[in-house]
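Trainee: I would like to work through this model with you. Where do we start?

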Amino acid sequence: MDCGRFEKMIPAFLNDTLEYQDLKQFLEHLENCSECREELTIQVLILEGMARLEEGSAFDLQKEMERRMEEARRRIRFHRMIGYINITFLGAALLAVLIVFWVFTR
Ligand SMILES: [Zn+2]
């Protein structure tokens with residue numbers, strides 16, 4: 001992913017509407033590109049900072065960034081888990097079909 005594409009995906013990331021594949025690439029780029037990390041931090045600051053300012057509550061940018069990163073990672077872990085379960089289920093179903101096939105064709 002290049003920085004231009006990353007920047008375009010920032011609004012979707014902030015709205016939690018990125019698809020799994022995009023989210024994965026987004027986080028990978030984020031870890032390797034300090035410029036984009038800065039850009040995202042600024043966007044979070046604008047988005048969250050403004051909202052908190054209106055509420056009049058305190059705002060911890062570092063914490064907010066960590067919260068968003070953790071949430072994104074949790075979504076990726078969840079997706080992987082679902083994928084793993086699917087593969088396991090598919091394997092079991094295939095095995096059952098093979099057993100039935102073997103029993104009835106003997
Ligand atoms: Zn970048």
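Mentor: With a definition. Four donors count as tetrahedral if all angles lie between 85 and 135 degrees. Keep in mind that this is a predicted model.

Trainee: What is the geometry of the site of the zinc ion?

Mentor: The site has four donor atoms, with angles of 99 to 113° among them. The cut-off asks for all angles between 85 and 135 degrees. The site of the zinc ion is therefore tetrahedral.

Trainee: Which residues are the protein donors of the zinc ion?

Mentor: The donors lie 2.0 to 2.3 Å from the ion. Their spacing in sequence is C-x25-H-x3-C-x2-C. The donor atoms are SG of Cys3, NE2 of His29, SG of Cys33 and SG of Cys36.

Trainee: Is histidine 29 buried or exposed?

Mentor: Histidine 29 sits in helix α2, residues 20-32. It touches Met1, Asp2, Cys3, Phe6 and Cys36, leaving aside residues up to four places away in sequence. Buried means under 20% relative accessible area. Histidine 29 has 11%, so it counts as buried.

Trainee: Which residue of helix α1 forms a salt bridge with aspartate 22?

Mentor: Aspartate 22 is in helix α2, and its partner is 17 residues apart from it, in helix α1 (residues 3-14). The closest N and O atoms are 3.3 Å apart. The partner is arginine 5.

Trainee: Which arginines form salt bridges with glutamate 48?

Mentor: One partner lies with glutamate 48 in helix α3 (residues 34-55), four residues apart, about one turn of the helix. The other is in helix α4, 20 residues apart from glutamate 48. The closest N and O atoms are 3.2 Å apart for arginine 52 and 2.6 Å apart for arginine 68. The partners are arginine 52 and arginine 68.

Trainee: Which of these residues count as buried?

Mentor: Buried means under 20% relative accessible area. Arginine 52 has 23%, so it is partly exposed. Glutamate 48 has 12%, and arginine 68 has 11%. The buried residues are therefore glutamate 48 and arginine 68.

Trainee: Which residues do salt bridges join into one network?

Mentor: The salt bridges in question share partners. Glutamate 64, in helix α4, is one of the members. The network is Glu48, Arg52, Glu64, Arg67, Arg68 and Glu71.

Trainee: How much accessible area does the nonpolar surface patch have together?

Mentor: The patch is formed by Leu95, Ile99, Val100, Trp102, Val103 and Phe104. Isoleucine 99 lies in helix α4, residues 61-104, and is partly exposed at 47%. Together the patch has about 660 Å².

Terms used
Residues numbered from 1 in each chain as written. Predicted model: local features only at pLDDT ≥ 70, side-chain atom pairs only at ≥ 80, totals over all residues. Heavy atoms only, no water. Patch = residues over 30% accessible without salt bridge, like charges linked within 9 Å, V, L, I, M, F, W, Y side chains within 5 Å. Areas by Shrake-Rupley, 256 points an atom, 1.4 Å probe, with all protein chains shown as cover. Salt bridge = Lys/Arg side-chain N within 4 Å of Asp/Glu carboxyl O. Helix = DSSP H or I, 4+ residues; strand = E, 2+ residues; numbered from the N terminus. Buried < 20%, exposed > 50% of the residue type's maximum accessible area, 1.4 Å probe, protein only. Donors = N, O, S within 2.8 Å, 3.2 Å for Na, K, Ca; no water. Tetrahedral: all angles 85-135°; square planar, octahedral: opposite > 155°, others 65-115°. Contact = heavy atoms within 4.5 Å.
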